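Here are my notes on this model, in numbered points. Please read them with the structure open.

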Amino acid sequence: NIICTAPGLLSMLGSGMLSRADTAGIFLTAREGRVPPSVRMLACAMGSLPKTIVLLHVKFANTPFVPEGDRYSFEALDVDLGLYSITMSFGYAEPLTATRFDVHATLGRIAKDKVKLHPALASLVPAATSRRAFTQEGNLSGTLMEEVEGPAIEGEDDPEGEPQHAQVRVTYVATQKTFAPDSARHSLSKLRVRLYSHIVSSGRPSL
């Protein structure tokens, strides 16, 4: 249970009890700044954790839309141990499109902004091409993983002329029991969306 909190995870990582794989792990968490159960499950099953760990929380605000300038918050919990926390915010009435809710692309933009101060995030900077593969890990019950290739080899240039970093695997990990839809929850949010949609559809242009 020591890995349930950020200080506990930092203590475990600093103790050297776990090996660190040369990968980047994006762990979705239901609570901002909270270490999800998937981190503990991976540490117990594999005896190791990714070299770069990002605790990602996606939340929906009580406003219809969130300005792009307020889209995310970023915190480096420990640069030396490679632990970061990112929270993405969306308005409850924002359209559910693949472009707007492309978490990987948004993380890539965040990493590109922060990579000079935090080189560990280089693997999240988008490359010209990427390969995705979804896998269901049988030995990690209730966990869904998505693997995404990182950028090309260091020294090569991307189309914008910026140097690329060494290719590192990026894995997204979500605890299914936490993120599975539940029809009995968020009824108030559904009501807000319906009300806002009704207001928009019933609106009249000004005379």
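1. Start with a cut-off. A disulfide is a pair of cysteine sulfur atoms within 2.5 Å. In chemical terms, a disulfide is a covalent bond between the sulfur atoms of two cysteines. Keep in mind that this model is predicted.

2. How many disulfides does the structure hold? Zero. Take Cys-44: the closest cysteine sulfur belongs to Cys-4 and lies 9.9 Å from its own. That is too far for a bond, because a disulfide needs the two sulfur atoms within 2.5 Å. Seen from the other end, Cys-4 has Cys-44 as its closest cysteine by sulfur position, again at 9.9 Å.

3. Are these cysteines buried or exposed? Cys-4 is buried, with a relative accessibility of 16%. Cys-44 is exposed, at 65%. The cut-offs behind these words are under 20% for buried and over 50% for exposed.

4. Next, helix 2, which spans residues 37-46. Which of its residues are buried? They are Ser-38, Val-39, Leu-42 and Ala-43. These residues sit on the same side of helix 2, because they cover an arc of only 135° around the axis. The spacing rule is familiar: an α-helix has 3.6 residues a turn, so residues three or four places apart point the same way. Just after helix 2 comes Gly-47, with a positive phi of about 70°.

5. Now the hairpin. Strand 3 covers residues 72-78 and strand 4 covers residues 83-91. The two pair in the antiparallel sense, over six bridges. Asp-78 stands opposite Leu-83 of strand 4. Four residues lie between the strands. Where in this hairpin is a positive phi found? At Gly-82, with a value near 70°.

6. Overall layout. The chain has five helices and seven strands. Along the sequence, their order reads α-β-α-β-β-β-α-β-β-β-α-α.

7. Contacts and burial. Consider contacts in the chain between residues at least 6 apart in sequence: 64% of them join residues at least 24 apart. The chain has 207 residues, and buried ones make up 35% of them.

8. Surface. What area does the chain expose? About 12200 Å². Carbon and sulfur atoms supply 55% of that area.

Key:
Residues numbered from 1 in each chain as written. Predicted model: local features only at pLDDT ≥ 70, side-chain atom pairs only at ≥ 80, totals over all residues. Heavy atoms only, no water. Buried < 20%, exposed > 50% of the residue type's maximum accessible area, 1.4 Å probe, protein only. Pairing = 2+ DSSP bridges. Arc of directions from axis to C-beta. Contact = heavy atoms within 4.5 Å. Areas by Shrake-Rupley, 256 points an atom, 1.4 Å probe, with all protein chains shown as cover.
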